[in-house]
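Welcome, and thank you for opening the viewer. Please load the model, switch on side chains, and follow along one selection at a time.

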Amino acid sequence: MNTSPGRTLDATRRTPAEPPAIREPRHVPLAHVVRGGVIEGVHHGSAVVLGADGRVAFQAGDTDVAFYPRSALKPVQAVGLLRAGLPLDGELLSLTAASHSGQRRHLDGVRRILREAGLTEADLRNVPDLPYGAAERDAWLRDGGRPTRLAQNCSGKHAAMLLTARLRGWSLENYLDPAHPLQRMIAETVEDLTGQRVARVSVDGCGAPLFSVSLRGLATAAARIASGAMDTPEGRVAAALRAHPDMASGSDRDVARLMRAVPGLIAKDGFEGVQIAALPDGRAVAVKIADGADRARMPVTAAALVHCGIDPGVLTEFATVPVQGGGVTVGCLHATDALGPF
């Protein structure tokens, strides 16, 4: 843990552009579900790839319409917390940006953050839930466990919000109010890193404020985090995710496996089929699956990462999802030609 005060200002703060338009997205087919040689299902969505210069290198669908990034925004929120004074690094900072599986190390880490603030699970205001990881959820239920705030996958972020508020002398009971100084600083960070004003503010599944931006804006934010200097909040978040991918998700989750497979990559998933991934030189990907299908998220992301110059061979395990029939594989889900040949 880093106990020195966090940076509260970004020396290169940017003036955000106008917010993205709010309208029906013009998504395109991004993934096919193929069974026995027949296209059984189609997942629409949008994807954008940024080059190291920040310009769009590839796009499919509607990348400039407003949408909610869900938990893919957590690395950005973690930067905002560091700017507000959060004194965490390493595995606990990775947990701050996590949608954790509910493994013992995750729950113990949340408790450590709360203890640093002199608080307990009772001070959390996220929604009680079962562990997000399938194996962890099954074990939890076998032991008679019930939904708790600690087990909910956003508890690391909420504990870090409480710690930041405590250190700044801000109120704790209403730390999720969009008007709270902590949430205002996070909103400012979202606008700074995405380069655009927030279109709408809503409430995420965990109860925290959720900010609507564009897919291109989200990719821009991921690129700025991944390419951040080590002594900046952006660079600290990137370093934590790279060093502790299992804390940001879970040891068997595809996001952690992807970060382990591609050196230097940071990645974060979000509900409703959202995914970001970015490299240290600023090349970045952002994906949104229109129907929210999680099964299409990673194959589309893998296909988009090829446009970043990643060797397709490194991405093979992420490129398809098996389609089962009678206990055997009879097809697969894969990216469409809209993303180019894999």
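Two rings of Phe, Tyr or Trp count as a pair if their centres lie within 6.5 Å. Keep in mind as you look around that this is a predicted model.

**Stop 1: the aromatic pair**

With that cut-off, the structure holds one aromatic pair. Select Tyr 132 and Phe 271 to see the two rings, which sit 5.5 Å apart centre to centre. Their planes make an angle of 50 degrees, and the pair is classed as tilted. Now colour the surrounding elements: Tyr 132 is in the loop between H3 and helix H4 (134-142), while Phe 271 is in the loop between strand S8 (266-270) and strand S9 (274-278), so the pair ties together parts that are 139 residues apart in sequence. Are these residues buried, exposed or partly exposed? Tyr 132 is partly exposed, at a relative accessible area of 26%, and Phe 271 is partly exposed too, at 37%.

**Stop 2: two helices side by side**

Next, select helix H3 (residues 104-116) together with helix H5 (residues 155-168). Their axes come within 9 Å and cross at roughly 10 degrees. Angles under 35 degrees count as roughly parallel, so that is how H3 runs relative to H5. To view the contact itself, show these side chains:

- from H3, Val 110, Ile 113, Leu 114 and Glu 116;
- from H5, Ser 155, Gly 156, Ala 159, Ala 160, Leu 162 and Leu 163.

Sorted by class, this contact between H3 and H5 has seven nonpolar residues, two polar ones and one charged one.

**Stop 3: salt bridges**

Side chains of opposite charge can pair when their charged atoms come close. How many salt bridges does the structure hold? There are 19, and here are some to visit.

Stay with H3 for a moment and pick Arg 105, then add Asp 246: their side chains meet in a salt bridge at 3.8 Å, N to O. Arg 105 belongs to helix H3 and Asp 246 to helix H9 (residues 245-248), which links distant parts of the chain, 141 residues apart. Asp 246 is buried, with a relative accessible area of 16%, whereas Arg 105 is partly exposed at 40%.

Move on to Asp 269 and Arg 253, another salt bridge, where the closest N and O atoms are 3.5 Å apart. Asp 269 lies in strand S8, and Arg 253 in the loop between H9 and helix H10 (254-261), 16 residues away in the chain. Both Asp 269 and Arg 253 are buried.

Then select Arg 283 and Asp 281, whose side chains meet at 2.8 Å, N to O. Arg 283 counts as partly exposed at 26% relative accessibility, and Asp 281 counts as partly exposed at 37%.

To finish this stop, show Arg 14, Arg 83, Asp 192 and Glu 234 as a group: salt bridges link them in a network.

**Stop 4: covered helices**

Glu 234 leads you to helix H8, where it is one of the buried residues. Eight of the 11 residues in H8 are buried, which leaves this helix mostly covered. The others to highlight are Pro 233, Gly 235, Arg 236, Val 237, Ala 238, Ala 240 and Leu 241.

Last, select H10, where Asp 254, Val 255, Ala 256, Leu 258 and Met 259 are buried. What covers them? Turn on the neighbours, including helix H8 (233-243), H9, S8, S9, helix H11 (294-306) and helix H12 (316-319).

Note on methods:
Residues are numbered from 1 along each chain as its sequence is written. This is a predicted model: local features need pLDDT of at least 70, side-chain atom pairs count only at pLDDT 80 or more; totals for chains, interfaces and linings use all residues. Side-chain values use heavy atoms; hydrogens and water are left out. Axes are lines fitted to C-alpha atoms, for helices over the stretch in contact, and angles run from 0 to 180 degrees between N-to-C directions. Helices (H or I, at least four residues) and strands (E, at least two) are DSSP runs, numbered from the N terminus. Angles under 35 degrees count as roughly parallel, over 145 as roughly antiparallel, 65 to 115 as roughly perpendicular and the rest as oblique. Contact means heavy atoms within 4.5 Å. Ala, Val, Leu, Ile, Met, Phe, Trp, Tyr, Cys and Pro count as nonpolar, Asp, Glu, Lys and Arg as charged, and the others, Gly among them, as polar. Rings of Phe, Tyr and Trp (its six-membered ring) pair if their centres lie within 6.5 Å; planes under 30 degrees apart count as stacked, over 60 as edge-to-face and the rest as tilted. Buried means under 20% relative accessible area, exposed over 50%, partly exposed in between (1.4 Å probe, protein chains only). A salt bridge is a side-chain nitrogen of Lys or Arg within 4 Å of a carboxyl oxygen of Asp or Glu.
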